[in-house]
Amino acid sequence: MERPRVVVIGAGVTGLSCARRLEAAGCEVELLERASTVGGVVRSRHIDGVGWIDLGPQSLRTGDIDLLDEIEAIGIEDDRLVAGSAAGARYLYRDGELVALPHGPGDFVRSDVLPWGAKLRMFLEPFRKAERGDQSVRDFFAHRLGTEVADRLVDPFVSGVYAGDPTRLSMRAVFPSLKAGVEEHGSLLRWGLSKAKEAKRARKEGTAKPKRKPELFSFREGLGQWTRAMADSLEGRVRTGVTVESVRRTEDGWRVSLRNDPIPVDADAVVLAVPAGVAGALCGPNHAAPARALADIPYAPVSTVHLAYRRDQVAHPLDGFGYLIPSNQNRPVLGILWISSLFPDRVEEDRVLTTTFVGGARQASNALLP
């Protein structure tokens with residue numbers, strides 16, 4: 001095929017990125033999206049008197065050269081907002097107080113984020129047997145570093161990043177390189193030393209992949225500015241408000257049937273950049289096994305609650321990233337980000353803005369409260 005035609009279904013970050021790559025590779029691309037706007041869960045909104053709020057993810061953290069080049073290519077590099085020094089201070093909620101997470105080894109020794117017994121237990125990690133086969137995230141870290149580390153540090157991190165339950169999440173799925181590294185080298189310490197040695201050799205031989213120091217950032221109009229810019233760069237290749245009814249094989253390729261549109265879309269290839277359940281439904285009766293497997297993948301619902309105040313109404317300096325809450329604290333939220341401290345240019349002057357995450361795998365019903 002001189003110029004293959006590809007239909008991408010779903011205009012979230014994945015679908016938009018995929019469509020751009022395919023077009024750059026010489027494909028004729030059409031991107032179909034059921035919603036009236038692009039971005040999927042990445043959506044931003046302006047609130048008068050407050051500023052820009054993100055209804056889904058709140059920031060990006062990366063040093064990936066390819067992604068940063070992509071941001072420059074779509075024309076929004078000048079609108080990128082890198083979080084200031086406040087982002088370095090992070091807290092855990094414990095027994096009604098905020099406990100600062102340590103910044104380095106010295107801080108860790110002095111910190112009361114873990115009791116001394118748990119700190120000493122971590123030094124036994126190189127002597128723990130590397131267990132084969134998959135484990136839950138909680139079991140892996142409890143075995144290697146102790147139950148206090150698993151419950152006080154890993155638990156809130158996994159809840160905050162994945163909204164997941166570490167007792168049910170697969171280690172090989174969530175942290176595949178870490179799991180494989182321990183199985184190969186026998187411990188986290190030896191794996192870390194091996195990676196450092198490989199990186200040093202790559203720099204010496206000139207084979208190291210260029211990279212930048214990871215940055216935490218957003219955009220002046222929130223992360224939705226990023227997905228809108230990707231869609232604009234596709235110049236008419238994106239159709240919103242289109243519901244796909246089915247995808248089926250034909251003699252020459254694929255046929256995509258649309259609801260309320262009698263004219264189907266024919267393609268040489270189709271990409272499903274949609275949630276697993278939707279992908280399963282589109283597989284149809286001819287692909288029953290993958291359809292069932294996709295339908296069985298659970299999604300943990302999360303709602304974001306945005307609270308805005310005048311600066312003089314809040315006594316706390318909000319001098320940090322925010323805080324996460326271990327599940328054993330039995331609080332009704334996962335954590336809170338101090339957005340106005342991270343990205344003050346997104347918030348009106350003299351305003352404080354926080355974003356609270358509610359729900360997750362362990363408290364799914366909370367995300368659906370009015």
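Two strands count as paired if DSSP finds at least two bridges between them. Keep that in mind for the stops below. The model on screen is predicted.

**Stop 1: the β3-β4 hairpin**

Select residues 44-47, strand β3, and residues 51-54, strand β4. They pair in the antiparallel sense, over 4 bridges. Click R45: its bridge partner in β4 is I53. Now look at the turn. The two strands form a hairpin with 3 residues between them. G49 sits in that turn and has a positive phi of about 80°.

**Stop 2: the whole chain**

Zoom out. The protein chain has 13 helices and 18 strands. Its radius of gyration is 23 Å, close to the 21 Å that the globule rule gives for 370 residues, so the chain is as compact as a globular protein of that length. Along the principal axes, the C-alpha atoms fill a box of roughly 70 × 55 × 50 Å.

Color by burial next. Buried residues account for 41% of the 370 in the chain. Switch on the surface: the accessible area is about 20600 Å², and 52% of it belongs to carbon and sulfur atoms. Of the contacts between residues at least 6 apart in sequence, 63% join residues at least 24 apart.

**Stop 3: the six-stranded sheet**

Select β8, β7, β16, β17, β18 and β15, in that order. These 6 strands make an open sheet with mixed pairing. Which strands stand at the edges? They are β8 (97-100) and β15 (302-310); each has a single partner strand, so one side of each is left without a neighbour in the sheet. From one strand to the next, the twist averages 30°.

Stay in the sheet and pick β17 (residues 335-337) and β18 (residues 351-359). They run antiparallel, joined by 3 bridges. Click L337 to find its bridge partner in β18, T355.

**Stop 4: the helix across the sheet**

Add helix α6, residues 147-162. The helix lies across β7 (90-94) and β16 (322-324). Relative to β7, α6 runs at about 110°.

**Stop 5: two residues with positive phi**

Most residues other than glycine have a negative phi. Here are two with a positive one.

Select A163, in the loop between α6 and α7 (171-174). Its phi is near 55°. Is A163 buried or exposed? Buried means under 20% relative accessible area. A163 has 10% relative accessibility, so it counts as buried.

Finish at E235, in the loop between α10 (224-233) and β10 (238-239). E235 has a positive phi of about 45°. E235 is exposed, with a relative accessible area of 70%.

Note on methods:
Residues are numbered from 1 along each chain as its sequence is written. This is a predicted model: local features need pLDDT of at least 70, side-chain atom pairs count only at pLDDT 80 or more; totals for chains, interfaces and linings use all residues. Side-chain values use heavy atoms; hydrogens and water are left out. Axes are lines fitted to C-alpha atoms, for helices over the stretch in contact, and angles run from 0 to 180 degrees between N-to-C directions. Contact means heavy atoms within 4.5 Å. The radius of gyration is taken over C-alpha atoms; the globule rule is 2.2 Å times the number of residues to the power 0.38. Buried means under 20% relative accessible area, exposed over 50%, partly exposed in between (1.4 Å probe, protein chains only). Accessible areas come from the Shrake-Rupley method with a 1.4 Å probe; for residues, only the protein chains shown count as cover.
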